[in-house]
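Hi everyone, thanks for making time for this. I'd like to walk you through one structure, so please have the sequence and the 3D view open as we go.

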Amino acid sequence: MARIVAIVSTEAASVMGGGAPVFIETNADDLQKTAFLLEKILDANAHDLKNGSFVLVDHHT
């Protein structure tokens, strides 16, 4: 089963608490850069939700 390891968003209000770390960026360029950097660091897949948020998922489990 997959596991959410992080969330990156430009909308702090749309991302509520939970078990994963949340990273808030101020613009779309920084959002994408942070998501793709975390993708490499966490060995996870970044999925663009097309609403100003990326979810990073570990599919290895």
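**Salt bridges, sheet and turns**

Searching the whole structure turns up two salt bridges. Before I get to them, please keep in mind that what you see is a predicted model.

Let's take the pair formed by D58 and R3, whose closest N and O atoms are 3.5 Å apart. D58 sits in strand β4 and R3 in strand β1, so this salt bridge ties together parts that are 55 residues apart in sequence. How do the two partners count in terms of accessibility? D58 has a relative accessibility of 12% and therefore counts as buried, while R3, at 46%, counts as partly exposed. As a general reminder, side chains of opposite charge can pair when their charged atoms come close. The backbone tells a matching story here, since R3 stands opposite D58 in β4.

The other salt bridge joins D48 and K50, with 3.7 Å between the closest N and O atoms. D48 is partly exposed at 37% relative accessibility, and K50 is exposed, with a relative accessible area of 71%. Hold on to K50, please, as we'll come back to that residue.

Now for the sheet itself. In what order do the four strands of the open sheet run? The order is β2-β1-β4-β3, and the pairing is mixed. At the edges you'll find β2, residues 22-24, and β3, residues 45-48, each pairing on one side only. From one strand to the next, the twist averages 20 degrees.

Let's go across the sheet pair by pair. β1, which covers residues 3-9, pairs with β2 in the parallel sense, over three bridges. If you'd like a landmark there, pick I7, whose bridge partner in β2 is V22. On the way into β2 there is P21, in the loop between β1 and β2. P21 is partly exposed, with a relative accessible area of 43%. Leaving aside residues up to four places away in sequence, P21 touches V5, A6 and I7. You can also check the distance from P21 to I4: these residues are 17 apart along the chain, and their C-alpha atoms are separated by 9.4 Å.

Moving on, β1 and β4 are antiparallel and pair over six bridges. Then β3 and β4, also running antiparallel, are joined by four bridges. A handy landmark in that pair is H47, with V55 as its bridge partner in β4.

Let me stay with β4 for a moment. How many of the six residues of β4 are buried? Six of the six are, so the strand is largely enclosed by the rest of the structure. In a regular strand, the side chains alternate between the two faces of the sheet. You can follow this along β4, where both faces are covered: S53, V55 and V57 are buried on one side, and F54, L56 and D58 are buried on the other.

What packs on this sheet? That would be helix α1, residues 28-42, which touches β1, β2, β3 and β4 (53-58). The direction of α1 makes about 5 degrees with that of β4. Have a look at L37 too, which lies in α1. L37 counts as exposed because its relative accessibility is 51%, and the cut-off for exposed is over 50%. Together with I41 and L42, L37 forms a nonpolar patch on the surface, with about 290 Å² of accessible area in total for the three.

Last topic, the backbone in the loops. Most residues other than glycine have a negative phi. Which residues go the other way here? One of them is D43, found in the loop between α1 and β3; D43 is not a glycine, yet has a positive phi of about 50 degrees.

Another is our friend K50, in the loop between β3 and β4. K50 is not a glycine either, and has a positive phi of about 65 degrees. The setting is a hairpin: β3 and β4 have four residues between them, with K50 in the turn. So in K50 we have an exposed residue that has a positive phi and forms a salt bridge with D48.

That's my tour. Thanks for listening, and I'm happy to go back to any part of the model on screen.

Notes
Residues are numbered from 1 along each chain as its sequence is written. This is a predicted model: local features need pLDDT of at least 70, side-chain atom pairs count only at pLDDT 80 or more; totals for chains, interfaces and linings use all residues. Side-chain values use heavy atoms; hydrogens and water are left out. Two strands pair if DSSP finds at least two bridges between them. Helices (H or I, at least four residues) and strands (E, at least two) are DSSP runs, numbered from the N terminus. Axes are lines fitted to C-alpha atoms, for helices over the stretch in contact, and angles run from 0 to 180 degrees between N-to-C directions. Contact means heavy atoms within 4.5 Å. Patches are made of residues with over 30% relative accessible area and no salt bridge: like charges are joined within 9 Å, nonpolar side chains (Val, Leu, Ile, Met, Phe, Trp, Tyr) within 5 Å. Accessible areas come from the Shrake-Rupley method with a 1.4 Å probe; for residues, only the protein chains shown count as cover. A salt bridge is a side-chain nitrogen of Lys or Arg within 4 Å of a carboxyl oxygen of Asp or Glu. Buried means under 20% relative accessible area, exposed over 50%, partly exposed in between (1.4 Å probe, protein chains only).
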